[in-house]
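User: I want to learn how to read a ligand site. Where should I start?

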Amino acid sequence: MYGGGYIFDEPNGKQLREEQQHDDPEKLAVFEERIARGEKIEPGDWMPTEYRRQLIRLIEQHAHSEIIGALPEGTWITRAPGFKRKLALIAKVQDEIGHGQLLYNAAETLGKSREAMINDLLSGKSKYSNVFNYPAESWADVTVIGFLIDAAAIVNQVANAKGSYGPYCRALERICYEESFHLKQGHDALITLATGTPAQREMLQDALNRWWQPIMHFFGPPDKSSQHSEKLMQWKVKMASNDDMRNQFLDAYVPKLWELGLTLPDPNLKKNAATGRWEYTDPDWNEFFKVIGGDGPCNKERLNVRKWAEEHGRWVRKALMNPKEERALPVA
Ligand code: COA
């Protein structure tokens with residue numbers, strides 16, 4: 001039982017159902033006062049149905065993004081240039097999977113089982129970050145992911161770690177420590193390519209050109225068309241709007257790229273000195289919705305890898321859950 005309402009998965013983990021359909025207005029008022037005072041909400045506390053539903057949606061998507069996000073970089077472990085970079089990449093990929101574990105644990109405290117979450121990922125019902133549906137074609141792509149996507153994730157996570165749901169905030173705090181190491185390895189790889197041979201610079205510039213739009217999409221649709229921001233910000237789940245996070249990211253990282261003589265594929269990108277806000281060409285939002293709807297360049301490939309892992313790891317999970325029945329190892 002979770003904070004005043006039973007919540008459980010339907011037999012196949014597809015639907016969440018609550019006994020309590022309507023939130024008690026008195027409890028809601030107390031809850032909102034707690035949020036306004038900056039208190040953390042913990043799993044056993046009463047919470048509105050919609051707060052729980054939104055948190056499950058957001059944390060689950062975040063968890064999926066971590067484990068799917070390990071795939072494009074994972075394919076580069078054997079090809080990373082030199083032993084040190086291979087070691088660093090192995091550690092980073094391992095960290096990302098660990099972040100997935102932390103986040104699935106946080107989502108489970110809200111009453112949705114991990115099995116149901118994985119089923120929803122594999123069936124395409126749950127989303128994960130748009131950026132991981134693009135291919136990592138060269139080492140420079142891995143560099144751009146390691147620097148700019150980790151940077152973008154840090155902007156989001158540092159803000160939301162100060163949010164209202166205790167288990168999510170604590171998971172984010174720990175994730176941010178590790179992400180800051182990832183950022184350093186990404187920055188080091190970026191500097192090496194940017195100050196390297198003309199071919200290395202060209203490879204980096206090409207990767208930046210291809211990744212810029214997905215990175216602009218990463219923070220979500222513009223505030224005026226974000227569906228969930230208003231409620232999530234009122235409940236302090238999201239601590240900054242999509243546009244504010246995008247602006248913070250541009251402010252911190254565009255100057256670093258320009259200092260290295262790199263360019264970004266948007267002639268309108270500039271900071272407005274009067275407003276302090278960045279101006280840019282609106283990225284193609286049709287492309288964004290297509291990708292998050294399952295029709296990006298690598299969606300099928302990414303989910304197929306997870307499906308393969310799910311299928312081939314089934315005997316291990318069964319053996320762990322029923323050690324007496326599953327003694328025999330499968331024949332290779
Ligand atoms: N990739 C995939 N889907 C995205 C997205 C992205 N970069 N940005 C937004 N969306 C989806 C939302 O999930 C939502 O879809 P849904 O209603 O089917 O769940 C839809 O686009 C509308 O967006 P919005 O109303 O702005 O969603 P939001 O308030 O949840 O904000 C995030 C989007 C990404 C900022 C927010 O979900 C978030 O902070 N998530 C946690 C961090 C995270 O997942 N990071 C990714 C990996 S490091």
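Analyst: Start with the helices. Helices are DSSP runs of H or I, at least four residues long, numbered from the N terminus. Keep in mind that this is a predicted model.

User: Which helices each supply at least two residues of the shell around the ligand?

Analyst: They are α2 (49–74), α5 (139–160), α7 (198–218), α8 (229–234) and α10 (285–295). The largest share, five residues, comes from α2.

User: How do the shell residues divide into nonpolar, polar and charged?

Analyst: Ten are nonpolar, 15 polar and three charged.

User: Which residues come nearest to the ligand?

Analyst: A residue is near if one of its heavy atoms lies within 4 Å. Here 28 residues are around the ligand, and Gln61, Lys127, Ser226, His228 and Lys238 come nearest.

User: What about polar contacts to ligand oxygen atoms?

Analyst: The cut-off is 3.5 Å between N or O atoms. The side chain of His228 places an N or O atom 2.6 Å from a ligand oxygen. For the side chain of Asn156, the distance is 2.8 Å. Gln227 uses a backbone N or O atom, 2.8 Å from a ligand oxygen.

User: How much of the ligand does the protein bury?

Analyst: Taken alone, the ligand exposes 890 Å², and the protein buries 92% of that. The space taken by the ligand is the largest pocket.

User: How many aromatic pairs does a search of the whole structure find?

Analyst: It finds 15. One of them is Tyr51 with Tyr165, edge-to-face, 6.5 Å centre to centre, with 80° between the planes.

User: Why does that pair tie together parts far along the sequence, 114 residues apart?

Analyst: Tyr51 lies in helix α2 and Tyr165 in the loop between α5 and α6 (166–194), so the pair links parts 114 residues apart in sequence.

Note on methods:
Residues are numbered from 1 along each chain as its sequence is written. This is a predicted model: local features need pLDDT of at least 70, side-chain atom pairs count only at pLDDT 80 or more; totals for chains, interfaces and linings use all residues. Side-chain values use heavy atoms; hydrogens and water are left out. A polar contact is a pair of N or O atoms within 3.5 Å; within protein, one must be able to donate a hydrogen and the other to accept it, and residues adjacent in sequence count only if both atoms are side-chain atoms. Accessible areas come from the Shrake-Rupley method with a 1.4 Å probe; for residues, only the protein chains shown count as cover. On a 1 Å grid over the protein atoms alone, a cavity is a set of points where a 1.4 Å probe fits but cannot get out, and a pocket is an open set with protein on both sides within 12 Å along at least five of seven lines; lining residues have an atom within 4 Å of a point. A molecule sits in a cavity or pocket if more than half of its atoms lie within 2 Å of its grid points. Ala, Val, Leu, Ile, Met, Phe, Trp, Tyr, Cys and Pro count as nonpolar, Asp, Glu, Lys and Arg as charged, and the others, Gly among them, as polar. Rings of Phe, Tyr and Trp (its six-membered ring) pair if their centres lie within 6.5 Å; planes under 30 degrees apart count as stacked, over 60 as edge-to-face and the rest as tilted.
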